[in-house]
Structure formats: C-alpha cells, structure tokens
Amino acid sequence: MGPMTRIDKKSRRGGTAVEVRGLVKHYGETKALDGVDLDVREGTVLGVLGPNGAGKTTLVRILSTLVIPDAGHAVVAGFDVVRQPRQLRRTIGLTGQYASVDEKLSGWENLYMIGRLLDLPRKSARARADELLERFSLTEAARRPAMDYSGGMRRRLDLAASMIGSPSVLYLDEPTTGLDPRTRNEVWDEVRRMVAEGATVLLTTQYMEEAEQLADELTVIDKGKIIARGGVDELKAKVGGRTLHIRPSDPGQLAAMAQAIREAGLDGTAGAQAVPDEGLLYVPILSDEQLTAVIGLLGTRGFSLAHVATALPSLDEVFLAITGEKSSHTTDTTPEEVAA
Amino acid sequence: MSTATLTPTPTGSAPAKAPADEGRIGLRGNLRHISALARRNLLQIKKDPESMFDVLLMPIVFTLLFVYVFGGSVGGSMGGGRQEYLNYLVPGLMAMMGMNIASAVGTGVNDDFRKGVMDRFRTMPIARSSVLIAKIVVELGRMLVATFILLCMGFALGMELGTSVLGLLAAIALSATFSAAIMWIFILLGLTMKTAQAVQGTGFLVLMPLQFGSSIFAPPQTMPGWLQTFTDYNPLSNLADAVRGLMMGGPVADSVWMTLGWVVVITAVTAPLAVAKFRRKT
C-alpha cells in the first residue's frame with residue numbers, strides 16, 4: 001500500500017477519461033467557473049473539493065451536458081460535451097445532491113423506466129431493475145413510491161438509476177451531503193464497488209474525509225478556480241490527515257512554536273500555522289508518531305501548553321493550509337501546486 | 001508517500017470517436033422512449049387518481065350547468081328550447097375541454113422541472129422532445145376520456161347526432177388535433193414561467209375570454225359588433241363551428257380549414273420554441 005503500488009495501479013490503467021481545459025461559465029456577474037483545467041484518468045476517482053458556490057455543481061452540469069459552457073472545452077470518454085452530447089449521454093451517469101428519480105413512481109418502476117429509456121429490451125430492463133434493487137438493498141421497498149423512501153434510500157435508488165446503463169464515467173455531485181454517517185458509509189461502499197468494476201468517477205464534495213476515503217486525486221476549487229491539485233497523499237501531507245490544535249499558555253509564543261516545528265523538519269508538518277487571532281497553532285499531522293514527536297519537540301524546547309486537540313481537517317482548514325486564508329474571504333488566489 | 005506524480009499532464013487530447021451526427025435516435029427508438037415516458041405519466045395518474053377529477057367531472061358539471069341554467073333562454077332565442085341548446089352546446093364543450101386540459105400540460109411541465117427527474121432525462125440518450133411528446137400523448141388520452149363522458153352526458157340528456165358516427169369521429173379527431181397544438185403553447189408557458197401557479201393563473205386569464213368570446217356557448221349573432229369581430233377571428237370559434245358542423249350537419253369546409261390552419265401555424269411556431277427552450281433550460 002506504499003507509493004509504489006499506487007503508481008502501479010495508475011500506470012496499469014488507460015488514458016484520460018475526462019479532460020477539461022479552460023472551462024468558463026458566467027451567470028450574469030457571477031463567474032461560476034473561471035478557467036478550470038482538470039483530468040481524470042480512466043478507472044480512478046477524482047475528488048473535487050470546495051465550499052458551497054465554488055462551482056462544483058456547474059462543473060458537473062457542464063460535463064453531463066446539462067449546461068453549455070461559455071468558453072473552454074471538455075472531452076469525456078472521447079466525446080466533446082458540447083459537440084457530441086448524444087454519444088456522451090450513453091456513457092455517463094449522474095447522481096446529484098437531489099435525487100433524480102420520479103417520486104410518485106416506485107423504486108422498481110423508476111429503474112424499469114430508465115432501462116427502457118436506455119433501450120434495454122423489456123426482459124433485460126426488468127432483470128436489471130431487480131438486480132440493482134437487490135444490490136442496493138432496496139428489494140423490500142421496491143414497490144413503494146420513492147417519495148416514501150428515507151433520504152438514504154432515495155440516494156441509493158438514485159445511484160442504482162445511474163448504474164443501469166453501466167456508465168463508464170460517473171459523476172457524483174455531493175453524494176452524501178445531508179446523509180447520516182451510517183448511510184454515508186453505505187454510499188461510500190457502493191462508490192468503491194463501482195470503481196472496482198472499472199468506472200471512472202468524478203466526485204464533488206465539501207468534506208475532506210469523503211475525499212480522503214474515495215479519491216485517488218484531489219482538485220481543490222474555490223470561486224470557480226482551481227487552487228490546488230495533486231494526489232490525496234500529497235494534499236494530506238500539506239494539509240495533514242488530521243490537524244493538531246495547540247493552545248500555548250502564553251499566546252505570545254505562537255510564532256516561535258510554529259518556527260520550531262517547521263525547522264525540526266518533521267515530515268509533513270511544514271504547514272504549521274500560527275493564528276494569533278484564535279491563539280491557536282495548527283499543525284498538520286499524518287500519524288500518531290508525528291503527533292507524539294510534535295508534542296515532544298515542544299516539550300523539550302520548554303514551551304508550555306494549555307490545551308491540545310486533534311481534528312480531521314475541515315474544509316476551512318484545507319483552504320487555510322493551501323492559501324493561508326479562510327475560504328470565506330479567499331481573494332485572488334492563484335493556482336498553486338501542492339508541494340510534495 | 002509523496003513520490004506520486006503531481007498534476008498529471010494531459011496524455012494528448014482524447015480522439016473524437018465518432019462524427020457529430022452519430023448517436024442520432026431512430027424512429028423506433030423514439031417511439032420506445034415516448035412509450036416508456038408515457039407509461040410514467042400514466043403511472044403517476046394511477047397513483048394520484050384525484051388528478052383525473054377534472055377530466056371526470058368537468059364534462060358533467062359543465063353540461064348540467066349550461067343546459068339547465070342557460071338552456072331555456074338561449075335555446076329559446078335560437079328558436080327552439082333546451083333541447084336545441086343541448087345540440088348546440090355539446091360540440092362547443094368538446095372544443096372547450098380540449099383547451100382546459102391543454103392548459104394542465106403547462107403546470108405539469110413546470111412541476112416536473114422543479115424535480116430532479118428532469119435532470120436525469122436530460123442526461124440520457126433520448127431525444128429531449130420525447131419527454132414533451134409523451135406528456136402530450138397522455139394528455140390527449142385524458143382529453144378523450146373527457147370527450148367520452150361529455151358525449152355520454154349529451155346522449156343521456158337527449159342530444160341528437162345530426163350527421164353520422166364518421167362525422168362524430170372526425171369532430172373528435174379535429175378537437176384533439178387542435179388541443180395538441182394548444183398544448184405546445186402551454187408547454188412553452190410552463191417552461192418560461194417560474195411557478196406552476198403562475199402558469200395556471202395565466203392560462204386561466206387567456207382561456208376565459210377566448211372561451212366565452214367565441215361561439216362555444218352562444219351564437220355570436222346577438223353579441224355587439226366589436227365582440228362579433230373578435231369571435232370571428234377567435235380560433236376557438238372556428239373549432240367550435242367545425243365540430244358542430246361535423247356533428248350536427250351544416251357547412252364545415254371553411255371552419256375545418258381555418259382550424260387546421262391554426263393548428264399548423266400554432267404548432268410550427270410554438271413547438272420548435274418549446275423544444276429549444278427545453279434544451280436550453282438549466
């Protein structure tokens with residue numbers, strides 16, 4: 001599970017499934033997308049991480065032929081999204097934040113209808129509906145109208161609907177937003193299974209944890225611009241798998257502490273950041289050993305600590321680490337490669 | 001851990017696998033898609049039987065109301081009585097109901113768009129018009145049910161067919177054709193306006209004067225001159241006259257041709273607009 005396996009896995013797989021260049025979309029004055037470039041290699045998961053309004057949904061809608069971009073181009077599975085939408089629609093599946101099923105119809109009726117719309121013969125459409133309901137643990141609810149489903153069941157039905165045509169490229173637009181942790185895990189398992197079966201996935205999310213769980217590579221987007229990209233490990237090395245929150249007894253020592261950690265050259269902790277306003281030092285850490293090392297280091301240097309906590313990084317912390325600013329007041333950020 | 005490559009450089013742009021016109025959907029494919037989508041609309045009706053109330057009750061209520069409230073006096077001034085008015089009214093109502101049902105298409109389309117399922121359809125390899133055509137097919141079915149009930153009411157109250165069954169069938173076909181054309185207008189409205197209520201309100205405001213300022217309920221001869229001019233040019237008058245002629249006898253050529261002319265013009269203008277609007281809508 002080291003870096004070598006990772007590279008092997010990638011090189012074994014083929015070319016670029018999604019290629020986006022200079023994509024621009026304006027809504028009036030708002031630049032939803034302001035020149036986005038990205039690639040997703042076949043058989044991998046690209047996580048697109050960003051806050052609300054970053055342009056994630058606009059990106060997905062363009063790539064699924066629902067919205068025409070103002071400039072730039074995108075090629076998915078070899079088809080241009082603007083010039084060859086009909087061919088493209090045969091190869092993609094979309095699961096959005098809002099379930100795109102007919103709420104009045106039952107789960108089975110929804111899947112059968114979609115099978116027929118995808119030109120499956122009646123018999124195959126029936127079989128496929130049964131099979132997918134089984135796989136997504138919806139057999140019991142198959143005959144009930146989708147409007148009576150729980151949020152998680154609806155999302156699963158939506159995923160099942162996206163899978164009927166066995167799409168080679170799947171877009172998941174915030175697939176677990178609003179779901180409880182248990183349902184979220186179920187959705188994650190399904191996504192992993194789809195990838196194991198060879199699908200290429202473009203996943204948008206607001207959660208670092210989700211990106212970490214599912215994505216091979218990450219692209220961080222804000223205000224329609226890509227602000228960072230790289231492998232999950234690289235971004236983690238920058239942001240930290242977790243963040244150590246340290247409150248010194250004397251807030252005046254924040255800067256000295258941050259410098260001490262940076263100079264110690266511990267792997268991945270170069271992103272240590274003092275935030276005097278909050279009286280906190282944020283240190284990205286990758287392992288328990290590192291945590292111990294950081295605290296030990298501060299102890300040997302004679303710093304006195306009032307409070308220590310660890311947290312999985314929030315989106316804000318990701319942005320803080322990447323841009324040195326909070327996402328809510330990020331301005332004029334320039335694209336930046338994640339330092340390895 | 002950090003030896004993985006950075007931003008992957010593009011491995012050359014992926015080749016376009018097919019020319020732009022491939023992937024076009026053939027007639028059989030389109031029919032299959034339309035029938036799958038029409039099945040969806042029928043299932044919706046099955047699960048929500050109340051949505052058929054308009055179709056079931058409108059012909060009964062309107063026939064009873066008009067025949068018994070206005071039948072005596074209007075029929076009298078026509079030189080007959082209630083019976084004479086019944087023969088006049090039923091063909092008119094057939095024309096009117098086509099309009100009322102057509103206006104329901106607008107609210108349905110508008111409703112659909114606020115739901116995610118439309119996004120699903122629009123990312124699928126189906127002609128986008130098939131979603132709209134399926135809707136029209138099912139609404140025409142609803143209209144035929146209403147027409148059937150209307151005719152049952154009419155015959156039960158003593159309406160006499162002045163022509164033949166063939167004339168009656170032609171009348172039904174003509175009003176269905178006209179209704180289908182009008183549906184495109186309402187689909188366009190449904191795609192343009194923000195809420196289903198707005199569509200309904202606008203539909204009502206447009207339909208009311210068109211329906212009453214026509215020869216549907218009363219002969220225009222007793223109306224003031226300016227209103228007669230309006231009713232003369234009102235396509236609903238043409239339709240009502242044509243249906244009446246086909247069912248009860250009398251000259252039909254002018255009104256039938258005028259009606260078909262309206263059908264062609266309305267469809268030619270609004271159907272492409274509606275489909276284009278449907279394509280663009282985000």
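Let me start with one pair of residues in chain A: A:Thr243 has as its bridge partner A:Ala311, which belongs to β14(A). Please keep in mind throughout that this is a predicted model. That bridge takes us to the strands themselves, since β11 of chain A, residues 242–248, pairs with β14(A) in the antiparallel sense, over six bridges.

Now let us widen the view to the sheet. It is an open sheet of four strands in chain A, and reading across it the order is β12-β13-β11-β14, with antiparallel pairing. Which strands stand at the edges? They are β12 (273–275) and β14 (305–311) of chain A, and because each has a single partner strand, one side of each is left without a neighbour in the sheet. If you look along the sheet, neighbouring strands are turned against each other by 20° on average, direction ignored. Helix α11 of chain A, residues 288–300, packs on this sheet, where it touches β11, β13 (280–285) and β14 of chain A, and its direction makes about 140° with that of β13(A).

Let me turn to chain B, and to a pair of helices. Two packed helices are described by the angle between their axes and the distance between the axes. Here α5(B), residues 128–156, and α10(B), residues 253–280, pack at about 125°, with their axes 9 Å apart, and they are therefore oblique to each other. The crossing of α5(B) past α10(B) is right-handed. On the α5(B) side the contact is made by B:Arg128, B:Ser129 and B:Leu132, while α10(B) brings B:Ala274, B:Val275, B:Phe278 and B:Arg279. Sorted by character, the residues of this contact are four nonpolar, one polar and two charged.

Conventions
Residues numbered from 1 in each chain as written. Chains lettered and ligands numbered in written order. Predicted model: local features only at pLDDT ≥ 70, side-chain atom pairs only at ≥ 80, totals over all residues. Pairing = 2+ DSSP bridges. Helix = DSSP H or I, 4+ residues; strand = E, 2+ residues; numbered from the N terminus. Axes fitted to C-alpha atoms, helices over the stretch in contact; angles between N-to-C directions. Contact = placed C-beta atoms within 7 Å. Parallel < 35°, antiparallel > 145°, perpendicular 65-115°, else oblique. Left-handed = near helix turned anticlockwise from the far one by under 90°. Nonpolar A, V, L, I, M, F, W, Y, C, P; charged D, E, K, R; others polar.
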